[in-house]
Amino acid sequence: MIQENIKNVEAKMHAACARSGRKPEDVCLIAVSKTKPIEMLQEAYDYGCRDFGENKVQELVDKYEKMPKDIRWHMIGHLQRNKVKYIVDKVYLIHSVDSLRLAEEISKEAVKKNVTVSILVEVNVAGEESKFGTTSEEAITLVEEIAKLPNIIIKGLMTIAPYVDVPEENRLYFAKLKQIYVDIIHKNIDNISMRELSMGMTGDYEVAITEGATYIRVGTGIFGERQYTTV
Ligand SMILES: *Cc1c(COP(=O)(O)O)cnc(C)c1O
């Protein structure tokens, strides 16, 4: 089932690339495995997935210990500063950096562990109150400040678009993130390597690809609906 789902997503990714004149290898599918058991991740791994996304530090660390070591782990959820130390040497990319204080903590822990951490700056392009992320207006200043920190490298931008029934409604937000990305590239800031746009989830990844996504984050479309137990 999971492998069928991935094939399905890949076919749609390829079609979206074809429609927008992009190369399929320029878009990376992240299997968002939060709340899902190891057996399901293993199934995706056996199919060939090597990029997995988690949104909780403890869960990411647990799964990191249990799964093969060639996996690239993506931290996609809100990150608290006191938990940074547990993941700096385990994650491939942190997508959710939205403040200078958080970036400073990542930098500090990265220096301690003698690693360089790749990050994306999360931008709340739709301005939704319920969401984390820096504002579109502050994004460039934040990038300039983070770029000065040691052992941290900015690879691009990330956004979580609103939940909508009609994916086309999110096109303007994806276009806006791309525009901020282009503006940042034109500023020629030292120490950054703007290449990645992490945008698009199960409901809207095809639209995101046609607007330039390089990472799409797909959970439900691969692993099925998530069950959250109420605590
Ligand atoms: C859960 C989550 C996803 C995946 O959402 P689906 O709609 O299940 O594909 C993507 N990005 C982030 C940041 C998430 O928290």
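These questions and answers cover the ligand and the pockets of a predicted model.

Visitor: Which pocket does the ligand sit in?
Guide: A molecule sits in a pocket if more than half of its atoms lie within 2 Å of the pocket's grid points. By that test, the ligand sits in the largest pocket.

Visitor: How many charged residues are in the shell around the ligand?
Guide: The surrounding residues include Lys34, Arg217 and Arg226. Val32, Ile76, Ile160, Met201 and Val218 are also among them. By class, the shell has five nonpolar and three polar residues, and its charged residues number three.

Visitor: Which residue has a polar side-chain atom 2.8 Å from a nitrogen atom of the ligand?
Guide: A polar contact needs a pair of N or O atoms within 3.5 Å. The pair here, at 2.8 Å, joins a ligand nitrogen to the side chain of Arg217.

Visitor: How far is an oxygen atom of the ligand from an N or O atom in the side chain of Thr220?
Guide: Gly219 offers a polar backbone atom, 2.8 Å from an oxygen atom of the ligand. Thr220 uses its side chain, and the distance to a ligand oxygen is 2.5 Å.

Visitor: How much of the ligand's accessible area does the protein cover?
Guide: On its own, the ligand has 390 Å² of accessible area. The share covered by the protein is 89%.

Visitor: Which residues lining the largest pocket are the closest to its centre?
Guide: The largest pocket holds about 710 Å³ of space. Its lining counts 28 residues. By class, they are eleven nonpolar, nine polar and eight charged. Closest to the centre are Lys34, Ile160, Tyr163, Met201 and Arg226.

Visitor: Which element supplies the largest share of the lining of the second largest pocket?
Guide: This pocket has about 240 Å³ of space. Its 14 lining residues include Glu10, Met13, Val27, Cys28 and Leu29, the closest to its centre. α1 (2-19) and β1 (28-32) each supply at least two lining residues. The largest share, four residues, comes from α1.

Visitor: How many nonpolar residues line the second largest pocket?
Guide: Two of the lining residues are polar and four are charged. The nonpolar count is eight.

Technical notes. Residues are numbered from 1 along each chain as its sequence is written. This is a predicted model: local features need pLDDT of at least 70, side-chain atom pairs count only at pLDDT 80 or more; totals for chains, interfaces and linings use all residues. Side-chain values use heavy atoms; hydrogens and water are left out. A residue is near a molecule or strand if one of its heavy atoms lies within 4 Å of it. A polar contact is a pair of N or O atoms within 3.5 Å; within protein, one must be able to donate a hydrogen and the other to accept it, and residues adjacent in sequence count only if both atoms are side-chain atoms. Accessible areas come from the Shrake-Rupley method with a 1.4 Å probe; for residues, only the protein chains shown count as cover. On a 1 Å grid over the protein atoms alone, a cavity is a set of points where a 1.4 Å probe fits but cannot get out, and a pocket is an open set with protein on both sides within 12 Å along at least five of seven lines; lining residues have an atom within 4 Å of a point. Ala, Val, Leu, Ile, Met, Phe, Trp, Tyr, Cys and Pro count as nonpolar, Asp, Glu, Lys and Arg as charged, and the others, Gly among them, as polar. Grid points are joined across faces, edges and corners, and a volume is the space filled by probe spheres set on the points.
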